[in-house]
Amino acid sequence: MKPILQFDIGTLLAAEMLIGLTFALVLFILASRFQQLRGPKQIALAFLSGATGILILLLRGHMPLVLNVLWSNGLLMATNLLFYAGFCSLLGIRPRFRFPVATAVLTLLSLIYFTLWDNRIDIRIVLLSTNAVLMRVNPAVDLTRYRNRSLIVRWLIFSIVLWMVSDTLRVVATIVHSSPQNFFQYNFIQSAYVTVGIFSSCGLGIFSLALFAREITASLERSARRDPLTGAFNRLGIEELLAVEVERSGRTGVPLSLALLDIDHFKAFNDSGGHAAGDDVLRNVVASISHHLRRFDACGRIGGDEFLILLPGSTAPDIATVCDGILREVAALPPHAASGIAPTLSIGFTEADSFDTVTEIMARADRALYAAKHGGRNCAQMELAPIRTLPQELPATAKPGRRSGLRRAASSMRDFRS
């Protein structure tokens, strides 16, 4: 019985080709507009390769059969590899190409035999569908193991698995019911397979764009919290981190130290060498600071020549050592060529108390910085939190806060000169 609504395979393939070209164009535009993104070029090339492979397939009859089979299917295999490379690049996964490449090469060699010497379209369909399933195993496994499986990534996995299932069913149906020798002759199995391919292509394209939209948003958010001149956090970014770390320190008891750093006589650099000289000094100072910070420490520019560094998990003696190293490295910088002045720093640092608020800890660091400025500059001063007494009704076993020994020295100011 003839179906009421029937599309021939050529029409379905042409629709899939146009969909692939559309997604390729959009992704190429994204890649050119947001060059910091990883992966859009590979995925755009994947859609373009797939569309080209379909176009060559549609030209069957206008070129030698073996050339058409190898060229079109080789491009479709390259499509799978490019999709894999693009998603791995986007998500930061290390791709494993050995197995899918070996599978593709063996399949192409088998296609040569079953085209030139034993022209069996049903065997070629079984080979190609089996190869498609095997080439998508690594992407499916790697995405499943991905540590941050958001809803978009899960739908992407679903699209890949749907495609694998359709290839598997195509293999079974082709073995059971065979296939017409003319690929473009209407056949329910092949038509259903191409239709599933259209939906899977749409799914891959939509989820790719969704992933890139997420990356673009995250990139813009990161840029909004970075100082473009020095690469350090800007005031917004470092103050957000400070609030998080102060809350975490008070809740968990993990030590937290911070320091305010100010470039001595910074105006002299701008006056003598222009703003370019001042910019060079800022970049050099941030580079020197970064040399003494760990991966999870943070540095932010909170004013023209003022910086804030956060050292989670560090006590006052720890940050004293860090500040001393920063002072020495900055003081060793050569005089700027335009101004002839060598930069130095004044630093005020403190350690968080378990009762501290952001305002209190910043005020202490600021007073310590003021003391360093008035103590001759090119030095570091420390001010610790005052000793706090607990209300009488609290149990005797309750502790007023960590590091009580450090708070006993709250009234003292320690001078670290380079």
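Trainee: Let's kick off with Cys-323: buried or exposed?
Mentor: This is a predicted model, with pLDDT of at least 70 needed for local features and 80 or more for side-chain atom pairs, while totals for chains, interfaces and linings use all residues. Numbering runs from 1 along each chain as its sequence is written, and side-chain values use heavy atoms, without hydrogens and water. Buried means under 20% relative accessible area, exposed over 50% and partly exposed in between (1.4 Å probe, protein chains only). Cys-323 has 0% relative accessibility, so it counts as buried.

Trainee: And Cys-202, how does that one count?
Mentor: The relative accessibility of Cys-202 is 22%. That value makes Cys-202 partly exposed.

Trainee: How many disulfides does the count come to?
Mentor: The rule asks for a pair of cysteine sulfur atoms within 2.5 Å. Apply it here and the number of disulfides is 0.

Trainee: Which residue lies 42 positions from Val-69 in sequence but 7.6 Å away in space?
Mentor: Val-69 lies in helix 3, residues 65-91 (helices are DSSP runs of H or I, at least four residues, numbered from the N terminus). At 1% relative accessibility, Val-69 is buried. Leaving out residues up to four places away in sequence, it touches Arg-60, Gly-74, Thr-115 and Arg-124, among others (heavy atoms within 4.5 Å). The residue you want is also on that contact list, and the 7.6 Å runs from C-alpha to C-alpha: Leu-111.

Trainee: How many aromatic pairs does the structure hold?
Mentor: Rings of Phe, Tyr and Trp (its six-membered ring) pair if their centres lie within 6.5 Å; planes under 30 degrees apart are stacked, over 60 edge-to-face, the rest tilted. By that test the structure holds this many aromatic pairs: 9.

Trainee: What kind of pair do Tyr-84 and Phe-97 make?
Mentor: Their ring centres are 5.5 Å apart and the planes sit at 75°, so the pair is edge-to-face. Tyr-84 is in helix 3 and Phe-97 in the loop between helix 3 and helix 4 (98-116), so parts 13 residues apart in sequence get tied together. Tyr-84 is buried at 3%, while Phe-97 is partly exposed at 31%. The kind of pair, then, is edge-to-face.

Trainee: What is the angle between the planes of Trp-155 and Phe-158?
Mentor: This edge-to-face pair measures 5.5 Å centre to centre. Both residues belong to helix 7 (residues 151-177), 3 residues or about one helical turn apart. Trp-155 is partly exposed at 42%, and Phe-158 is partly exposed at 46%. The angle between their planes is 85°.

Key: Helix = DSSP H or I, 4+ residues; strand = E, 2+ residues; numbered from the N terminus.
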